[in-house]
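Reader: I'm new to this structure and would like a close look at one part of it. Could you walk me through that part slowly, and then show me what lies around it?

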Amino acid sequence: MSTAAFTLLHVVISLIGILTGFIVLFSLLKDRLPSLWNTLFLVTTILTSVTGFFYPITKVTPGIILGVLSLLILAVALIALYAKKLEGGWKRTYAVSAMVAQFFNTLVLIVQSFQKIPFLHALPAIAVPVCQILLLVFFIYFTYKAAKTFRNV
């Protein structure tokens, strides 16, 4: 597979993961966990990190670090969901770990968008950290709300 084709596949998987992650987030805010969307979110989010490691790696980059952290966080989410069956505090643990993984994916989307999309790349340099801070505030608020709502058994 060519690098261009692989990159397209990686991006499509990433976008599906991000889209389904927001569906899961807004479901958690209603104390629901739709199994089909959640499974698609977990699979594509894991695949996003895994496929990122198939690119030539010459040094440790922020993307590599986020990929490793994402896989570790997703391992916690999988334990909470499948091993602990969301019992007790594991429901809240799942909500937080899943949304941290979603934050990481969305953060990479923003950074990559500013690097690759010409009209975003042309914006003043301050735009990137401002977007990152806004994204962080969004996820802190909604992850807190989701964990609070999705904690009751």
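Which residues do ring pairs link into a cluster?

Author: Before we get to the rings, keep in mind that this is a predicted model. The cluster joined by ring pairs takes in Phe 22, Phe 26, Phe 103, Phe 104, Phe 138, Phe 139, Tyr 141 and Phe 142. If you search the whole structure, you find 10 aromatic pairs.

Let's start with one of them, Phe 103 with Phe 139. These two rings sit edge-to-face, with 5.6 Å from centre to centre and 65 degrees between their planes. Phe 103 belongs to helix α4 and Phe 139 to helix α6, so this pair ties together parts that are 36 residues apart in sequence. Both Phe 103 and Phe 139 are buried. Phe 139 also pairs with Phe 138, again edge-to-face, at 5.3 Å centre to centre and 80 degrees between the planes. Those two differ in how much of them shows. Phe 139 has a relative accessible area of 3%, so it is buried. For Phe 138 the value is 27%, which means it counts as partly exposed.

Now step back to the two helices that hold the first pair. Helix α4 and helix α6 (residues 127-149) pack at about 165 degrees, and their axes are 10 Å apart. With that angle, α4 is roughly antiparallel to α6. The crossing of α4 past α6 is right-handed. On the α4 side, the residues that meet α6 include Arg 92, Ala 95, Val 96, Met 99, Phe 103 and Phe 114. From α6, Cys 131, Leu 135, Phe 139, Thr 143 and Ala 147 are among the partners. Sorted by type, the residues of this contact come to 16 nonpolar, 4 polar and 1 charged.

Thr 143 is a good residue to zoom in on here. You'll find Thr 143 in helix α6, and at 11% relative accessibility it counts as buried. Setting aside neighbours within four places in sequence, Thr 143 touches Ala 95, Val 96 and Met 99.

Helix α4 has another partner too, so let's go there next. The axes of helix α3 (residues 62-83) and helix α4 (residues 90-116) come within 8 Å and cross at roughly 155 degrees. These two helices are therefore roughly antiparallel to each other. Their crossing is left-handed. On the α3 side, the contact includes Leu 66, Ile 73, Val 76, Ala 77 and Ala 80. Helix α4 answers with residues including Trp 90, Thr 93, Tyr 94, Phe 104 and Val 108. Here the tally is 17 nonpolar, 3 polar and no charged residues. Notice that Phe 104, one of the residues in this contact, is also a member of the ring cluster we began with.

Thr 93 is worth a look as well. Thr 93 lies in helix α4, and with 28% relative accessibility it counts as partly exposed. Its C-alpha atom is 7.1 Å from that of Ala 77, although the two residues are 16 places apart along the chain. Beyond its neighbours within four places in sequence, Thr 93 is in contact with Val 76 and Ala 80.

What sits between α3 and α4 along the chain? The loop there holds Lys 85. Most residues other than glycine have a negative phi. Lys 85, though, has a positive phi near 50 degrees and isn't a glycine. At a relative accessible area of 56%, Lys 85 is exposed.

There's a similar case earlier on. Asp 31 has a positive phi of about 60 degrees, and it isn't a glycine either. You'll find Asp 31 in the loop between α1 (3-28) and α2 (35-52). Its relative accessibility is 33%, so Asp 31 counts as partly exposed.

That loop brings us to one more packing, between α2 and α3. The two helices meet at an angle of about 150 degrees, with axes 9 Å apart. So α2 is roughly antiparallel to α3. Helix α2 passes α3 in a left-handed crossing. Among the residues making this contact are Asn 38, Leu 42, Ile 46 and Val 50 from α2, along with Gly 67, Leu 71, Leu 78 and Tyr 82 from α3. The split in this contact is 8 nonpolar, 6 polar and no charged residues.

Key. Residues are numbered from 1 along each chain as its sequence is written. This is a predicted model: local features need pLDDT of at least 70, side-chain atom pairs count only at pLDDT 80 or more; totals for chains, interfaces and linings use all residues. Side-chain values use heavy atoms; hydrogens and water are left out. Axes are lines fitted to C-alpha atoms, for helices over the stretch in contact, and angles run from 0 to 180 degrees between N-to-C directions. Helices (H or I, at least four residues) and strands (E, at least two) are DSSP runs, numbered from the N terminus. Angles under 35 degrees count as roughly parallel, over 145 as roughly antiparallel, 65 to 115 as roughly perpendicular and the rest as oblique. A crossing is left-handed if the near helix is turned anticlockwise from the far one by less than a right angle, and right-handed if clockwise. Contact means heavy atoms within 4.5 Å. Ala, Val, Leu, Ile, Met, Phe, Trp, Tyr, Cys and Pro count as nonpolar, Asp, Glu, Lys and Arg as charged, and the others, Gly among them, as polar. Buried means under 20% relative accessible area, exposed over 50%, partly exposed in between (1.4 Å probe, protein chains only). Rings of Phe, Tyr and Trp (its six-membered ring) pair if their centres lie within 6.5 Å; planes under 30 degrees apart count as stacked, over 60 as edge-to-face and the rest as tilted.
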